[in-house]
Amino acid sequence: VRTTEEAKIVMERLMRSREEEPRRIHACDTEVMDIDLKSVGPVGHGYVTCLSVYSGPDFDYGLDSLGRGTMLWVDNLDDAHSILQEFKPWLEDKGALKIWHNYGFDRHVAYNEGIDVRG
């Protein structure tokens, strides 16, 4: 996802999934830059460059370039800077079940972006 239009399509699917499949679990991870973990922690440091989401082998994010069961990549770098904000309502939704690769780290770096991850 690199555009607002793509983000809106995906968000509609993710939010609908929350209502229609409340027990679906989405696997999430972030990639970050501008942080030297040897000298500082993630609180107040780092910039999220992308978010990856996998929602299961039967999930369709609604983008023609992706088929069912593919992984979603949300780019937040260069000309796609701030596209992550389009996903803020879903990321902050306690009812949308998510499992994180490294929740403590991911939650802090998302918070650095103004997103208070829940769910």
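This is a guided tour of a predicted model, moving from a helix to a pocket, a cavity, a tryptophan and a loop.

**Helix H1**

Begin by selecting residues 4-20, which form helix H1. With 17 residues at 1.5 Å a residue, helix H1 should span 24 Å, and the distance between its end C-alpha atoms, 24 Å, agrees with that expectation. Within this selection, colour Ala7, Val10, Met11, Leu14 and Ser17, which are the buried residues of H1. If you then turn the view to look down the axis of H1, these buried residues fall within an arc of 125°, so they line one face of the helix. Glu5, Lys8, Glu19 and Glu20, by contrast, are exposed on the other side of H1. To see what covers the buried residues of H1, add strand S1 (25-33), strand S3 (72-75) and helix H2 (88-91), which are included in that cover.

**Ser17 and the largest pocket**

Next, centre the view on Ser17, a residue of helix H1. Its relative accessibility is 3%, and because buried means under 20%, Ser17 counts as buried. Leaving aside residues up to four places away in sequence, the residues that Ser17 touches are Pro22, Arg24, His26 and Phe59.

Ser17 also belongs to the lining of the largest pocket, so it is a convenient starting point for the next selection, in which you show Arg13, Arg16, Ser17, Glu20, Glu21, Arg24, Asp58, Phe59, Asp60 and Arg68 together. The volume of this pocket is about 150 Å³. Sorted by class, the residues of its lining are eight charged, one polar and one nonpolar. Arg24 and Phe59, which take part in this lining, are also among the residues that Ser17 touches.

**The cavity**

Now hide the pocket and select Thr30, Val48, Leu51, Leu84, Leu91, Trp100, Ala110 and Val117, the residues that line the largest cavity. The structure holds one cavity of 30 Å³ or more, and the largest cavity contains about 40 Å³ of space. By class, the cavity lining has seven nonpolar residues, one polar residue and no charged residues, whereas the lining of the largest pocket has eight charged residues.

**Trp90**

Keep Val117 displayed and add Trp90, which is found in helix H2. The two residues are 27 residues apart along the chain, and their C-alpha atoms are separated by 8.7 Å. Is Trp90 buried or exposed? With a relative accessible area of 1%, Trp90 is buried. Show next the residues that Trp90 touches, not counting residues up to four places away in sequence, namely Met11, Leu14, Met15, His26, Cys28, Val53, Ala96 and Lys98. Met11 and Leu14 in this list will be familiar from the buried residues of H1, and His26 from the contacts of Ser17.

**The loop between S3 and H2**

Finish in the loop between S3 and H2, where you should select Asp78 and Ser82. Although Asp78 is not a glycine, its phi is positive, at about 55°. Ser82, which is not a glycine either, has a positive phi of about 80°. As for accessibility, Asp78 counts as exposed at 65% relative accessibility, while Ser82, at 38%, counts as partly exposed.

Technical notes
Residues are numbered from 1 along each chain as its sequence is written. This is a predicted model: local features need pLDDT of at least 70, side-chain atom pairs count only at pLDDT 80 or more; totals for chains, interfaces and linings use all residues. Side-chain values use heavy atoms; hydrogens and water are left out. Helices (H or I, at least four residues) and strands (E, at least two) are DSSP runs, numbered from the N terminus. The expected span of a helix is 1.5 Å times one less than its number of residues. Buried means under 20% relative accessible area, exposed over 50%, partly exposed in between (1.4 Å probe, protein chains only). The arc is that of the directions from the helix axis to the C-beta atoms. Contact means heavy atoms within 4.5 Å. On a 1 Å grid over the protein atoms alone, a cavity is a set of points where a 1.4 Å probe fits but cannot get out, and a pocket is an open set with protein on both sides within 12 Å along at least five of seven lines; lining residues have an atom within 4 Å of a point. Grid points are joined across faces, edges and corners, and a volume is the space filled by probe spheres set on the points. Ala, Val, Leu, Ile, Met, Phe, Trp, Tyr, Cys and Pro count as nonpolar, Asp, Glu, Lys and Arg as charged, and the others, Gly among them, as polar.
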